[in-house]
Amino acid sequence: MRKKGYLKKFGKNIAVALLALALTGGAFLGCGDKKGSDADSENPTVTVTDALKESVTPIPNEKIQISIAALKGPTAIGMVEVMDSAKKEETANKYDFRLAGVADEITADILKGEIQIAAVPCNLASVLYNKTGGQLQVAAINTTSVLYIVETGENISSIEDLKGKTIYSTGKGTTPEYTLNYLLRAAGLDPQKDVTVEYKSEAAEVAAVLAESEDAVAMLPQPYVTVAMSQNENLRIALDVAAEWERYAEDGSSVVTGVVLVNKEFAAEHKDVLDAFLEEYKASTQYVTEHIEEAAELVEGFDIIKAAVAKKAIPYCNIVFLEGEEMKNRIGGYLQALYEQDPASVGGELPKEDFYYIK
C-alpha cells in the first residue's frame, strides 16, 4: 500500500502562494518519435500570447490551476503518482492533466502558452524552443532511452556483433534512426555498408517479423518490447541502447527520450511554484520506480497502458528525474549528435544556454 501523502509532504511546506506545473516517455513517443513531431525549422517564430496568463487561473484557497500535458507512454508513466495526488486534491496547486497519443495533439497549445508544462520528446523540446524564439525551457529529464536491441537468437552481446545483420526498426528519418547510426559509428561500423536496416511504419510490424523468424534482430521501444516478448518466448533483450550510448560517449551525454518542458514566462513569474511542482514530480518518479505494482494500477487507471504490461515494462522504461548540470550535459551531447545528422531534427540549430532551467 502506498503511504498517504507520499507527495503531500512536499506541497504542505510550500508557501501559500505556490503554483505548480507538470510534465515526459514512449510512444510512446515515447517510444518512437514520429516524423510529424519534428517541426519545420523554416517556419516563422511563434510568439506566445496572453493565453498564458489567461490559462493560469486562480481558484479558491489561493491555489492556481495549471495546464499540464504528457504523451501516453514512458514520458507520462513517471507522473502518475502526482496525477493521482492532484485528483485527490493533495497537491500544492490544481493541475489540469491532459494525455495525448501523439505530440501533434498538444504542440499548438504549447506554442500558444495554453499549456504551461509538458512532458515531450527531447528533440521536440528543442524544435519548439527554436520555433518560439527561446520562449520555452527544459526543467528536467524524465526518461532516458526506452530503446532496446532484441533478438530471437543468442548472437548479440555488443554493438559490434550487429555487423552483417539485418536490423528491423521504426522511426526512419527520426531520432531512432539517428540514435542507431550514432551507436554503429561509435562501434566502428558503417550504417550504410556493415548492416542492413529495414524500417517499418509501426512497432507491431517489427514484432510480427520477430515472431516469424528464428534469427531476427530489431530495435524497439518500451512498452512494445514487453508486448513482443509476451507473444514470443524466444525473444530476448540483447542490448540496452541507453547503456551502449553511455559506454561510447565521452561527453557525459546519453539518449534522452522525454523531458519536462516549461513556458519560460511562467517559470520566471512563478519560480517558487515551479520548483515546488518539480519536487512533487520528482517524488512521483521515485514512487513509480519503487512501487511498481501500485504504479502499474495507476498507469492503467489513467488509460496509458494496461497494468499487466506496465508492471513488466516500468523497470525497462528508464524513468528518471534529472535536473541541473547533469540534465544539461546529457541533453547537450544528445542534441549535438542529432544535429550533426540532421539539423532539422532539433529545429535547425542547437539551443542556447537559456534552453535549460536551472534552479
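At what angle do the axes of helix α4 and helix α13 cross? The legends below take up this question in a predicted model.

**View 1. Helix α4 meets helix α13.** Helix α4 spans residues 80-87 and helix α13 spans residues 292-301; their axes cross at roughly 65° and come within 9 Å. Angles of 65 to 115 degrees count as roughly perpendicular, so α4 is described as roughly perpendicular to α13. The crossing of α4 past α13 is left-handed.

**View 2. The residues between α4 and α13.** Here V80, E81 and D84 represent α4, and they meet A295, L298 and V299 of α13. Sorted by class, the residues of this contact are four nonpolar and two charged, with no polar ones.

**View 3. Helix α4 meets helix α12.** Let us turn to another partner of α4: helix α12, residues 271-290. The axes of α4 and α12 come within 7 Å and cross at roughly 120°. From α4, the residues V80, E81 and V82 meet F277, E280, Y281, S284, Y287 and V288 of α12. This contact has six nonpolar residues, one polar residue and two charged residues.

**View 4. The largest nonpolar core.** This core brings together 54 residues. If you would like some places to start looking, I110, V120, L162, V259 and I331 have the most contacts inside it.

**View 5. A second nonpolar core.** Separate from the largest one, this core has 42 residues. Among them are I64, V82, F277 and A295. You have met some of these names already: V82 of α4 and F277 of α12 appear in the contact between those helices, and A295 of α13 appears in the contact with α4.

How values were computed
Residues are numbered from 1 along each chain as its sequence is written. This is a predicted model: local features need pLDDT of at least 70, side-chain atom pairs count only at pLDDT 80 or more; totals for chains, interfaces and linings use all residues. Side-chain values use heavy atoms; hydrogens and water are left out. A nonpolar core is a set of buried Ala, Val, Leu, Ile, Met, Phe, Trp, Tyr and Cys residues joined through side-chain atoms within 4.5 Å. Buried means under 20% relative accessible area, exposed over 50%, partly exposed in between (1.4 Å probe, protein chains only). Axes are lines fitted to C-alpha atoms, for helices over the stretch in contact, and angles run from 0 to 180 degrees between N-to-C directions. Helices (H or I, at least four residues) and strands (E, at least two) are DSSP runs, numbered from the N terminus. Angles under 35 degrees count as roughly parallel, over 145 as roughly antiparallel, 65 to 115 as roughly perpendicular and the rest as oblique. A crossing is left-handed if the near helix is turned anticlockwise from the far one by less than a right angle, and right-handed if clockwise. Contact means heavy atoms within 4.5 Å. Ala, Val, Leu, Ile, Met, Phe, Trp, Tyr, Cys and Pro count as nonpolar, Asp, Glu, Lys and Arg as charged, and the others, Gly among them, as polar.
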